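Biologist: I have a protein chain open on my screen and would love some help reading it. Could we go through it together, one question at a time?

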Amino acid sequence: MASDFSIGAGALFNESPYKGYNENTIAVPLISYEGDNFYLRQTTGGWVLWKDSKNEISLTASWMPLHFDPDDNDDPQMKRLDERKASAFLGGAYYRHESWGSLKFAVSGDAMDESGGMMGEISYFHPIRLARLTLIPSAGIFYSDESYNDYYYGVSGSESRRSGLDEYTAGDSWTPYVGLVAKYQLTQSLFLNASAMYTVLPDDVKNSPMIDRDDSFALMTGLTWRF
């Protein structure tokens, strides 16, 4: 595969699972790179250990943007909770490519020890190319262990006494999702990009007193220039 590098900017609308957040749209950089030994895909970078026409094994470093800042929250009880920070995760990924689509298996752990948790993913995606338009529908499931979920969604005894929210301990969970990526070629180098993901929150997340919804939706649009 020849190297493929693109850079651009976009806007991300993301429904926070937490109560009290009303500002859901932010500007985001859009950077991607595909090379023989290294790739950058959304918020994940990978060092390819082995690859052929159907298989790819890589070490990965990912940025997990989920966070909670009580100073940015409008709910008076939520404002009295502790901060939950975003973190970097290190792990590995395996891709299997077939004519009917591709499978991804990934696992990673919190490298900054914010939650001390582990995450995994099993997913399917299938690129569909139509002249200038490329569509990539996907479906999958995320796994989050007890440490990850309890850090981001649990409420400690001291937080409960300060805020009035019920004390809560979260267990591990499986989170299903469906997604769609679209890329339209405007010129030889300029592309219009859009991606959407719909997620169903599992019981161990939505039962938290920090959460006020059953699902979540994210939409990103932007322009990129391919070199």
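Biologist: Let's start with a single residue: does aspartate 113 count as buried, partly exposed or exposed?

Modeller: First, a friendly note: this is a predicted model, where local features need pLDDT of at least 70, side-chain atom pairs count only at pLDDT 80 or more, and totals for chains, interfaces and linings use all residues. Residues are numbered from 1 along each chain as its sequence is written, and side-chain values use heavy atoms, with hydrogens and water left out. Buried means under 20% relative accessible area, exposed over 50%, and partly exposed in between (1.4 Å probe, protein chains only). Aspartate 113 has 58% relative accessibility, so the residue counts as exposed.

Biologist: Where does aspartate 113 lie?

Modeller: Helices (H or I, at least four residues) and strands (E, at least two) are DSSP runs, numbered from the N terminus. Phi of aspartate 113 is near 55°, a positive value in a residue other than glycine. Most residues other than glycine have a negative phi. As for its place, aspartate 113 lies in the loop between S7 and strand S8 (118–125).

Biologist: And what is the relative accessible area of glutamine 42?

Modeller: Glutamine 42 is found in the loop between strand S3 (38–41) and strand S4 (44–51). Its phi is positive, about 55°, although glutamine 42 is not a glycine. Glutamine 42 is exposed, because its relative accessible area is 68%.

Biologist: Let's go inside. Which residues have the most contacts inside the largest nonpolar core?

Modeller: A nonpolar core is a set of buried Ala, Val, Leu, Ile, Met, Phe, Trp, Tyr and Cys residues joined through side-chain atoms within 4.5 Å. In soluble globular proteins, nonpolar side chains tend to be buried together. Here the largest core has 21 residues, and those with the most contacts inside it are Tyr18 and Met210.

Biologist: Which helix gives the largest share of this core?

Modeller: The largest share of this core is four residues. They come from helix H1 (residues 146–153).

Biologist: Which residues does tyrosine 18 contact, leaving aside its neighbours within four places in sequence?

Modeller: Tyrosine 18 is buried, with a relative accessible area of 2%. Contact means heavy atoms within 4.5 Å. By that rule, tyrosine 18 is in contact with Leu66, His67, Phe68, Met78, Tyr152, Tyr153, Met210, Ile211 and Asp212.

Biologist: Why is the pair of tyrosine 18 and tyrosine 153 called stacked, edge-to-face or tilted?

Modeller: A search of the whole structure finds 15 aromatic pairs. Rings of Phe, Tyr and Trp (its six-membered ring) pair if their centres lie within 6.5 Å; planes under 30 degrees apart count as stacked, over 60 as edge-to-face and the rest as tilted. The rings of tyrosine 18 and tyrosine 153 have their centres 6.0 Å apart and their planes at 40°, so the pair is tilted.

Biologist: How many residues apart in sequence are the parts that this pair ties together?

Modeller: Tyrosine 18 lies in the loop between strand S1 (4–14) and strand S2 (25–34). Tyrosine 153 lies in helix H1, so the pair ties together parts whose separation in sequence is 135 residues.

Biologist: What is the angle between the planes of tyrosine 94 and phenylalanine 105?

Modeller: Tyrosine 94 is partly exposed, with a relative accessible area of 26%, and phenylalanine 105 counts as partly exposed at 36%. The two form a stacked aromatic pair, 6.3 Å centre to centre, and the angle between the planes is 25°.

Biologist: Over the ring of which residue does the charged end of arginine 41 sit?

Modeller: A charge sits over a ring if NZ of Lys or CZ of Arg is within 6 Å of the ring centre and within 35 degrees of the ring normal. The charged end of arginine 41 is 5.0 Å from the ring centre of its partner, tyrosine 95.

Biologist: Last one: how many bridges pair S10 and S11?

Modeller: Two strands pair if DSSP finds at least two bridges between them. In S11, the bridge partner of serine 144 is serine 173. S10 and S11 pair in the antiparallel sense, and the number of bridges is twelve.
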